[in-house]
Amino acid sequence: MAQNVAQKLIEAHLLEGEMTPGKEIALRIDQTLTQDATGTLVMLELEAMKLDRVKTEVSAQYVDHNLIQEDNKNPDDHLFLQSACERFGAWFSRPGNGISHAVHMERFGRPGKTLLGSDSHTPAGGSMGMLAIGAGGLEVAMAMAGEPLYTKMPKVFGVKLTGKLPDWVSAKDVILEMLRRHGVSGGVGTIIEYYGPGLDNLEAMDRHVIANMGAELGATTTVFPADDEIRGFMRSQDREDEYEELVADEGCEYDKHDEIDLSTLVPLIAKPTSPGNVVPVEELAGEDLYQAYVGSSANPGYRDFAIAAEMVRGRQVSKHVSFDVNPSSRAMLQTLARDDRLGQLIASGARIHQAGCNGCIGMGQAPASGRNSLRTTPRNFPGRSGTKEDSVFLCSPETAVASALMGKITDPRTLDFDYPKVGNPDDPVVNDMMLEAPLPLEEARKVELVKGPNIKSLPDFDGIPDAFELPVLLKVGDDISTDEIMRAGAEVLPFRSNIPAIAEFVYDVVDEEYPKRAKNTGDHVIIGGSNYGQGSSREHAAIAPRYLGLRAVIAKDYARIHWQNLVNFGVLPLIYSNGDDHESLKQGAKLSISGLHAALAESDTVTVEVKGGEPIECRHGLSPRQVEILMAGGLINWKRDQG
C-alpha cells in the first residue's frame with residue numbers, strides 16, 4: 001500500500017503495537033538530543049540507572065539555554081554536563097557553540113532516522129526527513145539506555161504546498177498561517193506532513209522554521225521529505241554520503257488535509273500572548289516598538305540573518321529600538337563575518353549576542369516594561385521573555401527588521417527599497433571544534449562526575465494510593481502552558497538540577513501564593529481546561545508540582561508531552577467525560593476517589609466524588625504500562641522495580 005513519509009518512518013522503527021491512530025506503539029530511537037535546561041536531570045537519571053554507555057547511534061548534549069553566568073550555578077552545571085558526556089558516551093556541544101536544533105541538523109541529522117529530544121522544538125529535525133519528537137527528559141534518558149519510546153500512534157495531517165512565496169514573505173509566515181487557521185491545538189494527535197510542488201521553493205532551513213514551530217500547533221512532530229534540497233544541504237555540510245532519499249509514495253493518503261498556496265500569503269504576526277493569535281502585520285502597522293529580535297531555533301538559517309544584514313546595509317535602526325541579533329551557531333557567525341553580513345549588522349546598531357537560545361528562553365534581552373517586542377522566536381507565552389508583564393509579538397525577520405528601521409511595527413512591503421535577494425552559500429563555514437566526541441569506553445569508565453553545590457538528588461515519590469481525599473488547590477483555564485506552570489528565565493532555570501529550589505516558582509506567574517499553599521496543604525488536585533500543559537517539554541513542570549504534593553490533575557484534555565510527564569512522575573491525569581463539568585468544579589472543593597487501582601486497571605472510567613456536589617465521571621486513557629508506572633510512583637521506580 002502506498003505510504004506517506006511519516007508512515008514509512010514509523011513502520012521502519014516500530015517495535016510494538018500497530019499503526020492505528022490512538023493505539024500505543026513503541027519506537028526504536030536512533031538519536032537523542034538534550035540541552036542544558038533539561039539535560040542535567042537526564043544525566044542524573046542516567047547516573048541513577050547506573051548506565052555504563054549510551055546505546056543510541058548518536059546522543060548529543062548541547063549547552064545553549066543557560067548561558068548567562070551571573071553566579072556559579074550555570075557554569076557548575078556546564079562542567080557537570082561535560083563530565084557526564086565523557087562518562088556515558090555522548091557528544092558535548094560547549095557553551096557558545098550554538099542552538100541545539102540548528103547544530104544537530106547541520107552535524108548529525110540524517111534522513112530516515114528517529115530523533116528523541118528533551119526539548120519541545122526537536123521536531124525541527126523533521127525538516128530533513130527524520131522522525132524527530134520532543135519528550136520529557138526521563139523518556140530521553142530511557143532511550144539513551146536503549147529503551148523504546150512509547151507513544152500513541154498519531155494521525156497524519158497532510159498539508160499540500162503550491163506556488164512560491166512573494167517578496168517580503170518567508171517561511172515564518174507559512175507556519176504563522178497554519179497557526180492562524182488551526183490555533184495552538186490544531187495539530188494535537190497528528191504528525192503534520194508537508195508535500196506538493198511548493199516544496200521546490202523552500203530551502204532546507206525554511207523547512208526547519210516550519211517544522212520547529214509545528215510544536216506550537218500541538219503536533220507530535222512535523223515531517224518533510226528528504227529530497228534533492230536536503231541532499232544539497234548535507235553536501236554543504238560535507239555529509240552528502242549520509243544522505244538517503246525519503247519521499248512519499250504516489251497515491252498515498254492522509255488522515256486530515258489542508259492546502260496552502262504560498263503565493264497568496266502576506267506578512268503575518270502573532271500578537272501577545274499566544275502563537276495562535278495571528279493577524280496580518282498591516283493591521284498593527286504604526287504601533288510603538290521597543291525591541292526587534294532576530295534569531296532563535298525558529299529562524300536559525302543563513303538567509304534569516306543575511307536578509308536582515310542586507311535590509312540594514314548602509315542604514316541605521318531607529319534610536320528608539322533595541323535591535324538584538326542572536327546567532328544560531330558559532331559557524332553561522334563565522335560565515336556571516338566572512339560574507340560581509342555581520343559587519344553590516346554591527347554598523348546598523350545591532351546588538352550581537354553569543355550563539356545560543358538567549359532571549360527566547362528568557363536568558364537576557366528581556367524587553368522593557370510595557371513596551372512591545374517583535375521576535376522571530378517560536379513562543380510568546382506570558383512572562384517567557386523574562387519581563388513579567390511582557391508584550392511579545394512573533395514575526396518573520398523581514399517584519400522585525402523593517403520595524404527596527406522605522407521605529408514602529410511596519411509591514412515590510414511598505415519600505416522604500418526593493419526586496420534584497422539572498423541565497424545560501426554552497427560553502428558555509430563548518431566548525432566542529434566546540435563539539436567534543438565521546439571518549440573510548442575504558443577511558444570513559446574512569447571519569448568522575450563533577451557536581452557543584454546546586455545539584456541535588458532526585459526526590460523519591462510513592463505510588464498513587466487506592467483512595468484519597470484531596471482539595472482543589474488551583475483552578476486554571478484553557479491553554480495553560482508549561483511556561484506558566486514552571487516559568488523559564490534567568491531567575492528560575494539555574495535551579496533546574498535542584499527540585500526543592502525550583503519548586504518555589506511553580507505557577508507563580510498565575511498565582512504567587514500557590515507554592516506556599518501547596519507546602520502548607522500537602523497532597524492536592526489542580527483543575528485545568530483544554531490543551532493543559534502546552535509548550536515546553538521541561539519535565540520540571542510535572543516533577544516540581546509533584547514535589548509540592550500534586551497527586552492528580554483533572555482537565556478537558558492535555559498537551560501530549562506534559563500528559564506523559566505527569567505519568568512519568570506519578571501524577572494521575574484525568575479527563576472530564578463531560579467537559580461541562582469543568583464549570584461546576586471550584587477552587588477549594590474537596591474531591592475523593594475510592595477503588596482507584598481497580599478503576600485504572602479494569603476500565604477507562606474513574607468516578608470523582610465532590611463534597612457537597614454531584615459526582616463527576618472522568619476518563620484516564622492510560623495504557624496498562626502507564627497504569628503500572630503510576631502504581632509504582634513514576635517511571636524511575638517502575639524501571640527500578642523491574643530490576
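This is a short exchange about one residue and one pocket in a predicted model.

User: Where is Asn431 found?

Analyst: Asn431 sits in the loop between α12 (397–406) and β20 (435–436).

User: Why is Asn431 called buried?

Analyst: Its relative accessible area is 19%. Buried means under 20%. The value falls under that cut-off, so Asn431 is buried.

User: What makes the pairing of Asn431 with Gln334 a polar contact?

Analyst: The two side chains come to 2.7 Å. A polar contact needs N or O atoms within 3.5 Å, with one able to donate a hydrogen and the other to accept it. The pair of Asn431 and Gln334 therefore counts.

User: Which backbone atom lies 2.9 Å from a polar atom of the Asn431 side chain?

Analyst: That is the backbone nitrogen of Met433.

User: Which residues does Asn431 touch, not counting those up to four places away in sequence?

Analyst: Asn431 touches Arg330, Ala331 and Gln334.

User: Now the pocket. What is the volume of the largest pocket?

Analyst: It is about 640 Å³. The lining has 32 residues, and the closest to the pocket centre are Lys152, Gly189, Tyr558, Arg560 and Trp563.

User: Which elements give two or more residues to that lining?

Analyst: They are β8 (149–152), α18 (560–568) and α21 (624–632). The largest share, four residues, comes from β8.

User: How many residues of each class are in the lining of the largest pocket?

Analyst: Twelve are nonpolar, eleven polar and nine charged. Gly counts as polar, so Gly189, one of the residues closest to the centre, belongs to the polar class.

Technical notes. Residues numbered from 1 in each chain as written. Predicted model: local features only at pLDDT ≥ 70, side-chain atom pairs only at ≥ 80, totals over all residues. Heavy atoms only, no water. 1 Å grid on protein atoms, 1.4 Å probe; cavity = no way out; pocket = protein on both sides within 12 Å on 5 of 7 lines; lining within 4 Å. Points joined across faces, edges and corners; volume = space filled by probe spheres on them. Buried < 20%, exposed > 50% of the residue type's maximum accessible area, 1.4 Å probe, protein only. Contact = heavy atoms within 4.5 Å.
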